[in-house]
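Visitor: I am new to this structure and would like to learn how to read it one feature at a time. Could we look at it together?

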Amino acid sequence: MGVLDRFEKGVERALSNTFSKAFKPDLKPVDIAAAIRRDMDERTAALSRGRTVVPNTFTVELGPNEFDQIQSWGADALAAEMVAAAEDHAREQGYVFVGPVEVTFVEAEEPPTGKLRVRSSSRRGAVAPATTSTPSRRHPILDIDGQRYLLTGPVTVIGRGSEADIIVDDSGVSRRHLEIRVTPDGVIATDMGSTNGTFVEGHRVPAATLVDGNTLTIGRTRILFWSGNDETG
């Protein structure tokens, strides 16, 4: 109908102040966000228990002029905003990712017939942004200081270093501090020889099998574990 829907309005408000001057009138950040959203909607795949998986890696192909504009104004910052917009759309629609969301911009070898072209795929990772508050036995949820992650791989490493799957900004946390391993017999948290140790429900432990609702502490960082196992016996 020619009117931006709620998603597009939200993206436009978030991006217009930062990026509006960077683009020609015929290409706006909201156009890129809307194209990623459409790609997600068109490439849904049904998962068990009524879950719907969508792509989590997006390559945005642009003509040379548009590509140069994005580079000059900071592709990384714009990509981060596009990631946030994709995650918001997934939450609204109840979509699930199988890994972290990534957006990259490239100059197309053949200019797109329209403003841009989006190529996407699903790439599994150790964790994904949790777009629902409901965990499952196969994919528990970690809440780390209010940021929620879906465990999509069998092993997740939490630490301060760049090699960790989940990076926490806490000087009391070692570079590779804690391993979370999802097994058929339960989810096991193991301290990785950290300096300050790992605490489960206030007790320092080398390793522990987690149960739904457990609280872990590493450094000053609190981690809540949700397994989706709500059976009461």
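Guide: Let us begin just after helix α3, where Gly-74 takes a positive phi of about 100°; helices (H or I, at least four residues) and strands (E, at least two) are DSSP runs, numbered from the N terminus. This is a predicted model, in which local features need pLDDT of at least 70 and side-chain atom pairs count only at pLDDT 80 or more, while totals for chains, interfaces and linings use all residues. Residues are numbered from 1 along each chain as its sequence is written, and side-chain values use heavy atoms, with hydrogens and water left out.

Visitor: Which residues of α3 are buried?

Guide: Buried means under 20% relative accessible area, exposed over 50%, and partly exposed in between (1.4 Å probe, protein chains only). In α3, Glu-66, Phe-67, Gln-69 and Ile-70 are buried.

Visitor: Why are they on the same side of α3?

Guide: An α-helix has 3.6 residues a turn, so residues three or four places apart point the same way. Here the four cover an arc of only 160° around the axis, which puts them on the same side of α3; the arc is that of the directions from the helix axis to the C-beta atoms.

Visitor: What do the buried residues of α3 pack against?

Guide: They pack against α2, β3, α4 and β5, where contact means heavy atoms within 4.5 Å.

Visitor: Which residues have the most contacts inside the largest nonpolar core?

Guide: Such a core is a set of buried Ala, Val, Leu, Ile, Met, Phe, Trp, Tyr and Cys residues joined through side-chain atoms within 4.5 Å. The largest one has 28 residues, and those with the most contacts inside it are Ile-32, Ile-36, Met-40, Val-60, Val-103 and Phe-105. At least two residues of this core come from each of α2 (29-42), β3 (57-62), α3 (64-73), α4 (75-93) and β5 (102-107), with the largest share, eight residues, supplied by α4. To follow one member, Val-103 is in contact with Ile-36, Phe-58, Val-60, Ala-79, Met-82 and Val-83, leaving aside its neighbours within four places in sequence. A second, separate core of 21 residues includes Val-173, Val-200, Ala-208 and Leu-216.

Visitor: In what order do the strands of the open sheet with β3 stand?

Guide: Two strands pair if DSSP finds at least two bridges between them. In this case three strands have the order β5-β3-β6, with mixed pairing, and the edge strands, β5 and β6 (117-121), each pair on one side only. β3 and β5 run parallel and are joined by six bridges, among them the one that makes Glu-102 in β5 the partner of Thr-57.

Visitor: Which strands stand at the edges of the sheet β1-β2-β4?

Guide: This open sheet of three strands also has mixed pairing. β1 (45-46) and β4 (95-96) stand at its edges, each with a single partner strand, so one side of each is left without a neighbour in the sheet. β1 runs antiparallel to β2 (residues 52-53), to which two bridges join it, and Ala-45 stands opposite Val-53.

Visitor: Where is Asn-56, and is it buried or exposed?

Guide: Asn-56 lies in the loop between β2 and β3 and is buried, with a relative accessible area of 0%. Not counting residues up to four places away in sequence, Asn-56 touches several others, including Phe-97, Gly-99, Glu-102 and Arg-123.

Visitor: How many residues are between the strands in the hairpin of β8 and β9?

Guide: There are two, and in this hairpin Asp-145 takes a positive phi near 50°. β8 (residues 141-144) and β9 pair in the antiparallel sense over four bridges, with Leu-142 opposite Tyr-149 in β9. Three bridges also join β9 (residues 147-151) to β7 (residues 127-129), which run antiparallel, and there Leu-150 is the bridge partner of Ala-128.
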